[in-house]
Structure formats: structure tokens, C-alpha cells
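Good morning, colleagues. I should like to take you through one structure, beginning with confidence and then turning to packing, the interface and a single buried serine.

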Amino acid sequence: MNDATLLAVGAAAGVAVAQWTRLPTIPILVLVGLLISWAPGIDSIAVDGDVPRLALAYLVFAAGLELEPARLVGSLGTALRVGIAQFVVVGALGTLVAAGFGIDAAAAAAIGVGLAGSSTIVGVRLLIERGQLAETSGRVVLGVLLLQDLLMVLALATIGSIATASTPFRAAPLVGGGLLIVVYLLLRRIGPRWIAAYDDRPSNMILIASTVLFICTGVAFYTGLPLLVGAFAAGVSLSAFPIGGMIRAPIASIGVFVSAIFFVALGGSIEVPSPRDVLLAGALLCVVVMATPLAVGVAALRSGLSRRESIEAGLLLAQCGEFTLVLAVLGRAIGVLDQTAFSALSLVTVISMMATSLLATDRTAWWLTGRLSRRRPEAIPPLKNHVVLLGCGRNSEMLLELLVVAKVPLVVVDRDPSVVERLRDRGIESICGEGSDPSILEATRAVRATAVISTMRRLADNLRLLRRLGGDDEGPLVIVRAFFDADTQRLSRLGAEVVSEAEVGAAETVLVARGVLKSRAERQSP
Amino acid sequence: MPPDNLLHTLGLMVVVATALVVLLGRFRLPEIVICIVSGLVLGPALGLISLDDGKGGDVAVDAAIEAISHLGIVLLLFLVGLELSFDRIRDLGKVTIVAGSLQVLLVWLGGAAIAGAMGFGATEAIVLGFATAFSSTVVVVRLLGERGQLSSLHGRIAVGILLVQDLAVILGLTVLHGLGESGSLIEGVRAMPMALLGLGLLLAAAIVAARHLLDRPFSWAARNPQTLVVWGLAWCLLFVFLAEHLGLSSEIGAFLAGVSLAQLPCAGDLERRLHPLMNFFIAVFFVALGAKMDPAAALSAWPVAVALSVFVLIAKPAIVAWLVARCGYSVETCGRTGLLLGQVSEFSFILVALAAGAKLISEEASGVIGLVGLVTIVISAVAILHEKQVLGRLGDAGLLRWVGARREPESIPSSEARGHVIVVGMTGMGRRIVEALVADGQRVLAIDTDPAKLRGLPCRTLHGTIDDRNVLKTANLAGASLAITALRIEDVNRLFAYRCRVEGVPCIVHAAGRTEAIDLERQGVEHIVDSRMQGNLRLIASLAEQDVVSP
């Protein structure tokens, strides 16, 4: 079987396993490559040849396309604080551990930087699966991931400059950087008008995207900058709305193709690890899965995120990423990393990516939240026959006013300290925390309330709440919202009064307003 | 990075081709022509790249560009196969076999007669005539795709004839391979039954797989776009591998792999997702083709090249049109099919290269086909793009009358929807909207990336992602009366709203939170489904019902 067929069949098996087990694809593809290379009669697959380098350029370009500045609006400050704290702490610890194993300073520093980068692909996938992309914590995680990508590219540029140190024109990198900024500004200015005109011709769109990629990598090459800096700059230049969205779809098919080739080939180039390699990988893995949640959690907590959000963010970022693998390949190619360091970094990335899918769960987040609770929630005056409102965001203002006007004894729980402060200023009893946290529910005396109204969106939170309060005839009335039929049934079984079909109702309202549908009243009238 | 590195060569090819596409595109020149011209500029004219099979450039780079070009052709044939369900093949079997085989024979004889009459020996004339008998699948399929005519009647007949031609090419290549290896014509002819046996085996494998093997696994794979694309490519390369080992061309393997998948519901989505990949590789193929051309070598035999080019541009379409007319098709279909096939094929270059390698023909004769290829591909591509004007003028001059076809055009039911409502994302909300609209008597098209979510809906469905422009073309967004997205993916919703505004289609977008709703309002979206707000309104109503607050 020729190489291309072998890689494709291996990649097909890999993505199938990933889909079946719901594990991330990249580590599975690397493992498939590893298995292929161990099969009898198969030579090692070259990962630093021309074609994998081309694949790498497209991968980095695709990563740059994701760096849309608008995505960071509102969470930039927090993301910067959390991202820098994580990068510095994990990077430093990783360097120290690697140096402790007798690895020279440059290689240890490269390993440290490699460990500090999390996986944008894994993180974004988990955020989408949990519907957290639009939440504050989701935006912070996204911002940290994008910052890490940027720092990783700078690190790659530094490592790459070791290889191109003999470039005759020493001032050229500065000129190159300037030229790339000119390309960026030019495309931001003319892109929306010029490139968007080709939206109805997708075949041209892929040529245009590839042209920007090759121009930027060309500028990088001729001015002594690493190739990947050019590829990343090309992606960032095209990332703004709507161009980024138009280009992402055609580039996606190339991305799938090249990532399958690259990561299977990368797996094929890993040698059987020695006991020392395994030991080093184990130590580095401990740094990633323990130091990352700690550094992120503390920084996020200090930046105003709730305890649970901070822990969740830490767990979501506790893995090495695709850029770690790129760094490993580049580092080995130019002699900064030896085979031991390359294998260790690859193994840590594969294992930590898979571990994230298993560890970054609601259950782990709550377990850690409970364990790390050092102080009990603020006490409120003893209440009886009151109403507990869990969650008081912008959408719940109308509901809050209704309860205030009706003079219902009320306790509000919200995770945002500023909301709690504002409510307290109005004389409304409020507690800062998670609505489904047992200690918070206890503090609100929810079991003695007339009603507990949950505006929490996540099903897991509402299920947790109902397991605590539902199903008891003498307990409070628990009112929750549901967005799917299956959720309604599950929540009802636990004793909730479910306000269902909120989304359907919303859609119906708009359809009726537009005159597409008749209103319910019109439909019911003869 | 050395100057002869793959990225450098590929970069030059892509940048120059794109620049010329942007500059010359406004003159309505076909992209294929522009790509070939780019290759001519980069190769023979300026000497910036050298792809002369390692003679002048870097061997590894040549091999990589060759591999990318070859992958482009393989993907193109795979996508052609993906368009052809068994029903369509059954539909057009007779006309393609009759017209395809007779056309190859007649054009072969005609081309050989011209070459012989103009001074070439018998063997050279036979090879040159054979090389002119084939039309370019790449050019025809690409131009049909650009014009959205791959599913049209004349498009399907032309593709069918091209496939019959491909079979003839395989036989020709098999003979020439035999000649190249053994130097004996008899050995070459002996290899033919084996090739036919291989073709039968591969065809049987494709049919069995399509009927009994692929449906369930690919339905499962289609739930994740990444899995679908990788599985599709792996299936294609597996068939290419088998075809090569059975002595067939990789193109036939790719085509049969596509046909076997064409029977599945996910075929359309797979085709759309692989299209950009094919477009990129095929552009490289055409630039490389231009860069490899040697116009100077052929100029010494320019009278033969001109005569053969005129023959290919005029007589070949006429022969095709006459043969299609004999199968009962209208003058319009015959004319359009004929016009599509008025050029030589990329296989013609391979055939003459093999024949030159086997010392059957001279370098001069080989150069003639290069020049004929350049001239006919460029002129025929322009003619296809202006087919209405070309056929109109031919009709006015009475030249189409002799074809003897009936005048009434075929009545083809229009499948293009207009005035429909597009609903994207079959979440609970999306499904309810579809049901409500259908109950209200509206014509609805439901779109989702997961085929399982589209099953059982009481309306037309389309499997695909809406950030892909081709999906919106298939859905005929421009003709829709309303578009609704029930998705919770912010980026995709924003892009969809933007495209709806460009097309002038009213759009309702789901916002999964207030921040998103504000972003969409800023973008000018008039109707936003703010489900959280609506949920809270219902919550208030529920409180009143439960006597928690006064009504």
C-alpha cells in the first residue's frame, strides 16, 4: 500500500475512533501514526519534509484565522491576566522539571514553553459542546487560548530564528515584521470590499486565501523571519468578520486534509520511548494537569470570576496543544530538542489532550469547588415562605422587578459580585455564588421557601438543584426553564415545574410579528 | 528555505495565477485558461519555475507538484463520480456508449488521415489521431461546475461520453505501457484483457459496496464533517490503490469510488466539502500544465498543429452533435454537448509522452499535440463560456440544421425552489419552526449538518453547513422568501445574517444570550429570537399561574 493510501486509511480509522469515543481527534491521529510506524515492514514517516511543512503552514494559517479581535471584546483584560499568569507559571515549572532531568537550558526552556500552550481545538470544542462559548467564562477561556497561540507563535519564531541566524541581512527581520504589519493593515482596510466580492465564487476564495498565505510566508522567508510567523500573520490578517467566516469554510477542507497528514506523520516519527522518556513525560504531565488549573484558577478568581468558573477554566486549559506538537517538530528539526525531549513532549500532548475530555467535566468542577470552599457563604436573616431567585442576569431584570413590586420576601443568588452589590444597595437580600451549590442553597434556606425560581441555563445545574430540593411534597415549588423536550421530561420527573419550549415560543413570537405565522389566538378562533 | 523549495514554487504558481484571475477575470476569461497562461508566463516565458521532469529544476519539487496535480485530477474524477447515482447512469447509458465509442473511432480516423496527409508516417499518424480523439474531463467538468450545469442534461451526456473516452484511454495506455516495457505491440495488446478484467472487478466492488456495505457506516460518519471528509478521501485513495494494482488508471479508480458513494444521502455534502480542496489542486495542475508546455518545439510543425486544432474545434463537436442527435435528443442538447467536447485531453499529453518514450513518434509529433492542446483548450473554454452566442450564430447561419436533431427542447422539470423558507439547525426550536411553517402551508427547506436530524421532517431537506457558500447556492438562498437560523453558533449565525442581507433575503436569527443579540442588532439584523428573554417571560406567566405573584 503506498504512503498516501496508508496515511488516509490510518487517518480514517483515527477519526472514527475519536468520533466513537468522543475523544479529541489529534491525539488519536498521533497514536495511529505511532501504530503504523510500529507495524512490520513500514519505514518511519518523514515529518519534516516539504509536504508536511506545507501542511504545517496551512495549520498555522487556520489557527490565525480564528484570532478575530472582536471575540475578545469585554474579556480582554481578564484573558490577559489569566493567560500571562498561566504561561509564566506553567512555562517556568516545565523548564525547571526538564532541567532537573539533565536537559540543557535551551531545550528545557523550549519544553517549558511547549507545556504552557493549551489546545485551541480541544478547548473550543468543549465550550461549544457545553454551550459555554457565549458565557463570560467561555470568552475568557477563548481569550486565553488565543493569547497562548500568539505567544506560541512568538516562541516558534524565536526558535526558528536559531535556524536562520546566518541570514546575511540582519536588519531584515524588522523589515519583515513591518511588511507583515502593512499586509495586515492593507487587508483589514480593503479586505471587506475586495475579498467579499468573491464570496459567490468559492473556488476563487481558496486561491485568494492561499495567495495571502504564500505572500506572507514569502515576506517572512526573504526577511529572515520563520515561515510560521508569516503563516500566522496571514491568518490573522484575514480573520475579521465577514472575511474570516467566508474563508474558514473552504480552508476547513484543506485543514482536515493537512492535519490528518501532519498528525499521523508526526505519530509515525515518534520512537519507542525508553523508561527515562516515560519518567520525564510523567513528570511533565503532572506539571500540565496540576499547575495549569492552579495557575488559571487563582488568576481567574482574582480577576472576578466565580470559584466554579475559575475551576472550570483551569480544567479546560489543562492540556498541551497542537502548537506544542509543532514546537516539538520544529525544535527537533533544528537540533534544539533531542529525540527524548521530542517523544516526551509528544506523549504529554497526546495524554493530556485525552485526559481533558475525561477530567474537564461538571462533576470534577463541582467536586473541586466543594473541596476548595474555605469559607461559608454570607449569612442572611432567617426567612420563611420566601422566594429564592437563582441567577439574576440582564434577562431576569423584568422578573426581579415583578417580584419586588409584588413585595414577595426575596433572596437572590448570582455569581456576579457586582450584581449582588447592586441588589444589596437596593435592600434586596443577595448572596454571591452558584445557584446549584448546596452550601449556597442552605444559606438561602431554600428548603423553607415557597418557591425556588431557577433562571440557570445549564441542564446539569438544574438537575443538581432538583436532586437537592425536588420530589418532596413539603418542599418548595421549584420552577425551572427547559429548552428541549427531553430536558423537560427529565426535569419534570425530578419534581420541577418546568417552563418549556422557551426557544420555540421566542421563534413563534418573531414569526407571528413578521406575519409568517398566525398567532395562537387566530389559529384557535374558528 | 532554498529558492527551489516546494513552498517557493507552489507559492509563485498560486500568487501569479490568483493575480491573473483577479486582473483578467473581468474580461470573462475562464479560470482554466488563466491558469494555463500563468504557467506559460512562469515557465517558458520568464523561466521563474522549471517543471521539466527534473531536467532543469529540483527533482523533489517536480515530484511534489506532480503529486499535487495528480491528486487534483483524482479528486476531480472522484467528485464527478459522486454526482452520478445509478439512476442517472441507467438514464443515459445508451447515448453515452453509442456516441462515446463511435466518436472516438471517427475522430481517431479523421485525425490520423489529416496527420498522414500532412507528411507524418503511418504509426505517427495513428498515434496523433488517437490523441485527438479524447476531450478533457478536467476542462469540461470544471467549466460545467463553474456554470452550475453538472446536473444538466447536456452536462450529464458529455460527462458520460468522457467516461467512455476514459475507458478507451485506459486501453490505449495499457497497450503503450506494454510497448514501453516489452517493446512489442503484441505484448501490449495481450495486456488489454487483464485491464478489462480489472475494470470488471473494480466495478463489481463499487456496486457491491454501494448496495450492501457503505450506507450505515457513512451515515454514522456524516454526523461529523471531519470524519466524513477523511473517510471519503480514504475510500477514494483505496480505490485508486486497487485500480493501480489492477493495471487501471488512478482516475478510473477515483471515479468508481465516487460512483459507489453517490448512492448515499451524504454524497452531496461530501461533494461540497471536497470541492475547495479539488479547486486548489486542479489550479496547480493547470499552472503546471502551462509551465511544462514547450511552444517553440511545436512551432516547426505549426501547419499540422493548426490543421488538427481546426479539426478538433470544428469537426469533433459536429461529430458528437450528429451522434447525440441519432439518439433522439434536441438540437439544443446536441449543440451544447458537442461544444463541450471541442478540445483534446490531458490524457492526450500522457499518451504522446508514452508513445515518444516507446520511440513510436518523434519529439516534433509530440510537440504538435502540446500546441493543439493549448490552442483547443483555450478556444473551446472561451466558446463554452459564450455558448449561447456561439450556438445562436451557428443556428442563424443554418449550420445546425444538418445535424438532423428534433427542434423541440426536452421538457425538464425545474428542481430549483423559489419563494421557500429556509430553516437552519434542526434543534428542538428548528424542528418546531419547520412543523409550524409546514402546517401553515409554507414551502420549507430544512438544513442541518447531521443527516440523522433531518430524517422524518415533513419538508425538503439539505445536508450541509451554511458557512459553506455552495450549500447556500444549492439551497437557492437568493430565491428564498425568508431565512431562519435556529443554531446556537454565534459565528455561523453572523455570517448567515450577513449573506442574507447581501442577497436581500429577510432573516431571523437565534441569539443564545443578550450579548449575542446586541451584536446582531449592531450588524443590522432586524429579527432576533432572544430565547432567554422569551423564556423569562414565560417564567413570569408561570409564577402567576402558580399564585407565587398576583396575575
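Within chain A, the lowest confidence falls in helix α23 (residues 520-524), with a mean pLDDT of 56, while the highest belongs to helix α4 (residues 76-100), at 93. The model is a predicted one, and chain A as a whole averages a pLDDT of 81, with 85% of its residues scoring at least 70. Where pLDDT is low, the coordinates should not be read in detail.

Let me turn to the packing. The largest nonpolar core holds 279 residues, and the members that touch the most others are Tyr58(A), Leu115(A), Phe78(B) and Phe286(B). Helix α12 of chain B, residues 267-292, makes the greatest contribution to this core, with 16 residues. A second core, separate from it, has 25 residues, among them Ile466(B), Ala483(B), Val505(B) and Ile528(B).

What does Leu115(A) touch, once residues up to four places away in sequence are set aside? Its partners are Val90(A), Gly94(A), Leu284(A), Val287(A), Val288(A), Cys320(A), Leu345(A) and Val348(A).

Also in chain A, helix α10 (residues 227-237) is mostly covered, and 11 of its 11 residues are buried. They include Leu228(A), Phe232(A) and Val236(A), as well as Gly230(A), Gly235(A) and Ser237(A).

Next, the interface. Chain B and chain A each bring 89 residues to the contact. About 8,300 Å² is buried between the two chains, and carbon and sulfur atoms supply 68% of that area. How many salt bridges does the rule find across the interface of chain B and chain A? There are 2. A salt bridge joins the side chains of Arg499(B) and Asp199(A), at 2.7 Å from N to O. On the chain B side of this interface, helix α24 (residues 531-545) gives the most, with 12 residues touching chain A. The rule also finds 10 residue pairs in polar contact across the interface, both residues of each pair being at pLDDT 80 or more.

I close with Ser250(B), which lies in helix α11 of chain B, residues 250-262. Is Ser250(B) buried or exposed? Ser250(B) counts as buried because its relative accessible area is 5%, and the cut-off for that term is under 20%. The side chain of Ser250(B) makes a polar contact with that of His70(B), at 2.7 Å. Apart from its neighbours within four places in sequence, Ser250(B) is in contact with His70(B), Val74(B), Val240(B) and Glu244(B).

Definitions and conventions
Residues are numbered from 1 along each chain as its sequence is written. Chains are lettered from A and ligands numbered from 1 in the order in which they are written. Side-chain values use heavy atoms; hydrogens and water are left out. pLDDT is the predictor's confidence in each residue, from 0 to 100. Helices (H or I, at least four residues) and strands (E, at least two) are DSSP runs, numbered from the N terminus. A nonpolar core is a set of buried Ala, Val, Leu, Ile, Met, Phe, Trp, Tyr and Cys residues joined through side-chain atoms within 4.5 Å. Buried means under 20% relative accessible area, exposed over 50%, partly exposed in between (1.4 Å probe, protein chains only). Contact means heavy atoms within 4.5 Å. Buried area is the accessible area (1.4 Å probe) that two parts lose on being put together, summed over both. A salt bridge is a side-chain nitrogen of Lys or Arg within 4 Å of a carboxyl oxygen of Asp or Glu. A polar contact is a pair of N or O atoms within 3.5 Å; within protein, one must be able to donate a hydrogen and the other to accept it, and residues adjacent in sequence count only if both atoms are side-chain atoms.
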